Amino acid sequence: MESLAASKWTNSLLYLTLILSTVFLLHSQIATNLLVGHHPLRLKRSPDLPLRFRDDGTFKILQVADMHFGTGMVTRCRDVLPSEFDYCSDLNTTRFVRRMIELEKPDFIAFTGDNIFGSSTTDAAESLLRAFGPAMDSEIPWAAVLGNHDQESTMTREELMSFISLMDYSVSQVNPWADRKIDGFGNYDLQVYGPPGSVLANDSVMHLYFLDSGDREVVQGRRTYGWIKESQLHWLRGVSKRNKVYNNMEVSRMPINPALAFFHIPIPEIPQLYYQKIVGQFQEGVACSLVNPGVLKTFVSMGDVKAVFMGHDHTNDFCGTLNDIWFCYGGGSGYHGYGKPGWPRRVRVISAELGKGEMSWRGVERIRTWKRLDDKGLFTKIDEQVLWELQQSS
């Protein structure tokens, strides 16, 4: 009997060992197969939300336009001086963006399209991870829209925005959850609240509108750039109206909250600014759509949009006004995107400031902007200007 019992115990032990070995092998195999960029899958790291003004009443945004990221070190630079070419790559873009984050210490980073140059990469996901690496490493909330080149690799526009929305510290959205019929991918509204501990801590005091301006389309046999569609404008008008209702009901002593808009392709009215006073440089023709969907008219009717920030035309970096709304280019930041030899890559900074009452903060009182250059480590600050002040509003 003892021998039989020992035999059963031995068999049970061998059986248990076999099960544990099988489970271990399966776990190892599954873990090996679930690798992305040689890193195991894990949960997204989320930023502290909601977006808020600082204790000093400011909220700073870093706009990064047209990174045109490829694959990294082996992706060569375009339109740089001969003395710079041999050692220039996507890593120059990464260093510049990282340095701007360290220097300006923004509260939020806005990427306005052509984040990657799709035709220069065979792995869109890997290029996105590298392109947005400085933002993720900073742990600062950031958001992006797509340009006309992002989808030219291995992911559709919907897949790109889905991936971007799941990246660390991203607050990007594919589309508003309540509106499934909207055109494009990457239309969303972000709210910025007052400083922590202040009377405005539970109130949204500024809005950030993000819109997908598309990529390429054919109109009556002619190839043209994309445009913001009526479904997107209809959604935006509804968002603006809801924001105003909330503002009037809950904080009626405050003026309408100002809003800033971000998208990639400029609207067809931008060429008019060539004949008007601008701040910055108008160095290339505006590459806009043949179709005018009425974006400017919509913004004017809404009344809350005070400034718009675009990309697309890399060597234009100016701000100009159309119907009392400022339209500003970011200027090209990426070294793999086209540029102009001797003309430094650049980023734009936007700073919103709250008004200070006797006892507490008031709403947004002023919005300023300036640019930073990648000029041999000097990072020169240029073209500082006031875009909007409360007393100038109509």
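This report walks through a predicted model of one protein chain, from its overall build to a few single residues.

**Overall build**

The chain has 394 residues, and 53% of them are buried. Its secondary structure comprises eight helices and 17 strands. Look next at contacts between residues with a separation of 6 or more. Of these, 69% join residues 24 or more positions apart.

**Nonpolar cores**

The largest nonpolar core holds 64 residues. Six of them touch the most other members: Phe 108, Phe 132, Trp 142, Leu 208, Phe 210 and Leu 260. Among the structural elements, E15 gives the most to this core, with five residues.

Take Phe 210 as an example. Leaving out residues up to four places away in sequence, Phe 210 touches Phe 108, Ala 110, Ala 143, Val 145, Gly 186, Asn 187, Tyr 188, Leu 190, Trp 235 and Phe 262. Phe 108 is thus named twice: as a well-connected core member and as a contact of Phe 210.

Another core lies apart from the largest one. This second set has 29 residues, including Leu 233, Leu 296, Phe 318 and Tyr 329.

**Cavities**

A probe the size of a water molecule, rolled over the atoms, shows where empty space remains. How many cavities of 30 Å³ or more does the count give? There are two. The largest cavity encloses about 70 Å³.

Which residues line the largest cavity? They are Ser 213, Gly 226, Trp 227, Ile 228, Ile 265, Pro 266, Ile 267, Pro 268, Ser 289, Val 291, Pro 293 and Val 295. By class, nine are nonpolar and three are polar. No charged residue is part of this lining.

Gly 294 sits in the loop between strand E11 (259–262) and helix H8 (295–302). Gly 294 counts as buried because its relative accessible area is 17%, under the 20% limit. Gly 294 and Glu 269 are 25 residues apart in sequence. In space, their C-alpha atoms are 9.7 Å apart.

**Salt bridges**

The structure holds 20 salt bridges. Three of them are set out here.

| Pair | Closest N to O | Separation in sequence |
|---|---|---|
| Asp 317 and Arg 346 | 2.8 Å | 29 residues |
| Asp 317 and Lys 371 | 3.4 Å | 54 residues |
| Glu 384 and Arg 368 | 2.3 Å | 16 residues |

Asp 317 appears in two rows, with Arg 346 as one partner and Lys 371 as the other. Asp 317 lies in the loop between strand E12 (305–310) and strand E13 (319–322). Arg 346 belongs to strand E15 (residues 346–356), while Lys 371 belongs to strand E16 (residues 361–373). Each pair links distant parts of the chain. Are the residues of the first pair, Asp 317 and Arg 346, buried or exposed? Both are buried. Lys 371 is buried too.

The third pair joins two strands. Glu 384 lies in strand E17 (residues 381–389) and Arg 368 in strand E16, so their bridge ties together parts that are 16 residues apart in sequence. Glu 384 has 44% relative accessibility, so this residue counts as partly exposed. Glu 384 and Arg 368 also belong to a network of salt bridges. Its other members are Glu 353, Arg 366, Lys 381 and Glu 389.

**Backbone details**

Some loop residues have backbone angles worth a look. The peptide bond from Leu 49 to Pro 50 is cis, with omega near 5 degrees. Pro 50 is in the loop between strand E2 (39–40) and strand E3 (51–52).

Asp 114 is not a glycine, but its phi is positive, at about 50 degrees. Its place is the loop between strand E5 (108–112) and helix H4 (124–131). Asp 324 also has a positive phi, near 70 degrees, and is likewise not a glycine. Asp 324 lies in the loop between E13 and strand E14 (325–329).

Which of the opposite words, buried or exposed, fits Asp 114? Asp 114 is buried, because its relative accessible area is 1%. Asp 324 is exposed, because its relative accessible area is 75%, over the 50% limit.

Note on methods. Residues are numbered from 1 along each chain as its sequence is written. This is a predicted model: local features need pLDDT of at least 70, side-chain atom pairs count only at pLDDT 80 or more; totals for chains, interfaces and linings use all residues. Side-chain values use heavy atoms; hydrogens and water are left out. On a 1 Å grid over the protein atoms alone, a cavity is a set of points where a 1.4 Å probe fits but cannot get out, and a pocket is an open set with protein on both sides within 12 Å along at least five of seven lines; lining residues have an atom within 4 Å of a point. Grid points are joined across faces, edges and corners, and a volume is the space filled by probe spheres set on the points. Ala, Val, Leu, Ile, Met, Phe, Trp, Tyr, Cys and Pro count as nonpolar, Asp, Glu, Lys and Arg as charged, and the others, Gly among them, as polar. A salt bridge is a side-chain nitrogen of Lys or Arg within 4 Å of a carboxyl oxygen of Asp or Glu. Helices (H or I, at least four residues) and strands (E, at least two) are DSSP runs, numbered from the N terminus. Buried means under 20% relative accessible area, exposed over 50%, partly exposed in between (1.4 Å probe, protein chains only). A nonpolar core is a set of buried Ala, Val, Leu, Ile, Met, Phe, Trp, Tyr and Cys residues joined through side-chain atoms within 4.5 Å. Contact means heavy atoms within 4.5 Å.
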